[in-house]
Amino acid sequence: LITYPKGGGCSCEAIQVSAGTRARLERDSLLIYTGDVHLSGSIHTDISASYHQQDSPTVRAMDNLKAAAVTMARALAAGDLDAYVDSLNRARLNHYALHPSCDSDTLRRFFSALEPYIRGGKACGAGGGGFILVHAKPDCRRQTIQAAETLGGRVWTCQLDDPGLMTWEEPPSSPEQIEAIRRRIRAAPRP
């Protein structure tokens, strides 16, 4: 879980997920490309403009998204997939609430068609329609894939990686180190 406290910086917390929860999560999670193309930069511009309005619903939606992320992390650590899916769905609704450009007819069409087969899901990235992550109902993975493909979607299964996010810090390069790199680049043979 990556959090960004007021005043800057960030903190990373590894989430310990049991093997059983991980297996169920991998079995029932699907990443679906909806085929809808959008410009995330314009969506970010829309969100930023809305954020700065007085009494902006964007601020409330951002707070709710943060709370949903924390609840998802705690639910996964506790092995509570019901709470995880509830938070996934709350995140989807609050993502829509960031700005109208975070929602689309494509997203609504996919979630509507997949509803009989999924417990929940949300848009990935800026929103607007590219990729969605869904959590299939038990024994409905095949139907979920078929329904998504019928809509023109492309489907990938999910596999969690063991180490998770790894970060490190290095001191900045000195001017001498930068100049040495530049000399090597200039001296390298050109194709």
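In the predicted model, the lining of the largest pocket draws at least two residues from each of β1 (2-3), α1, α3 and α4 (81-98). Helix α3 gives the most to this lining, with 10 residues. The volume of the largest pocket is about 1800 Å³. Its lining comprises 43 residues, of which L1, I2, I15, A69 and A73 are the closest to the centre of the pocket. Sorted by class, 27 of the lining residues are nonpolar, seven are polar and nine are charged.

The protein chain contains seven helices and six strands. Read from the N terminus, the order of these elements is β-β-α-β-α-α-α-α-β-β-α-β-α. The chain has 191 residues, and buried residues account for 31% of them. Of the contacts between residues at least 6 apart in sequence, 67% join residues that are at least 24 apart.

Strand β3 (residues 29-33) pairs with two other strands. With β5, β3 runs antiparallel and is joined by five bridges; here Y33 has F131 of β5 as its bridge partner. With strand β6 (residues 154-157), β3 also runs antiparallel, and four bridges join the two. In this second pairing, I32 of β3 is matched with V155 in β6. In a regular strand, side chains point alternately to one face of the sheet and the other.

Strand β5 (residues 131-136) includes H135. The relative accessibility of H135 is 1%, so this residue counts as buried. Leaving aside residues up to four places away in sequence, H135 touches R24, L25, D28, S29, L81, Y84, V85, L88, I118, R119 and G120. Among these contacts, S29 belongs to the paired strand β3 (residues 29-33), while L81, Y84, V85 and L88 fall within α4 (81-98). R24, L25 and D28 are likewise contacts of H135, and their positions fall within α1 (19-28).

A second histidine, H95, is placed in helix α4. H95 is buried as well, its relative accessible area being 7%. In sequence, H95 and M62 are 33 residues apart, and their C-alpha atoms are 8.0 Å apart in space. M62 falls within the residue range of helix α3 (residues 57-78).

Side chains of opposite charge can pair when their charged atoms come close. Six salt bridges are counted in the model. One of them links the side chains of R74 and E13, with an N to O distance of 3.0 Å. R74 is in helix α3 (residues 57-78) and E13 in the loop between β2 (11-12) and α1 (19-28), so this salt bridge ties together parts that are 61 residues apart in sequence. Both partners are partly exposed: R74 has a relative accessible area of 43%, and E13 has one of 38%.

Another salt bridge, between D63 and K66, has its closest N and O atoms 3.5 Å apart. In contrast to the R74 and E13 pair, which joins a helix to a loop, both D63 and K66 lie in helix α3. These two residues are three positions apart, and therefore about one helical turn separates them. D63 is partly exposed, at a relative accessible area of 39%, whereas K66 is exposed, at 53% relative accessibility.

A further salt bridge is formed by R186 and E179, with the closest N and O atoms 2.8 Å apart. Here R186 is exposed, with a relative accessible area of 51%, while E179 is partly exposed at 29% relative accessibility.

Most residues other than glycine have a negative phi. D139 is not a glycine, yet its phi is positive, at about 65 degrees. The residue is located in the loop between β5 and α6 (141-150). With a relative accessibility of 76%, D139 counts as exposed, in contrast to the buried H135 of strand β5.

Definitions and conventions
Residues numbered from 1 in each chain as written. Predicted model: local features only at pLDDT ≥ 70, side-chain atom pairs only at ≥ 80, totals over all residues. Heavy atoms only, no water. Salt bridge = Lys/Arg side-chain N within 4 Å of Asp/Glu carboxyl O. Buried < 20%, exposed > 50% of the residue type's maximum accessible area, 1.4 Å probe, protein only. Contact = heavy atoms within 4.5 Å. 1 Å grid on protein atoms, 1.4 Å probe; cavity = no way out; pocket = protein on both sides within 12 Å on 5 of 7 lines; lining within 4 Å. Points joined across faces, edges and corners; volume = space filled by probe spheres on them. Nonpolar A, V, L, I, M, F, W, Y, C, P; charged D, E, K, R; others polar. Pairing = 2+ DSSP bridges.
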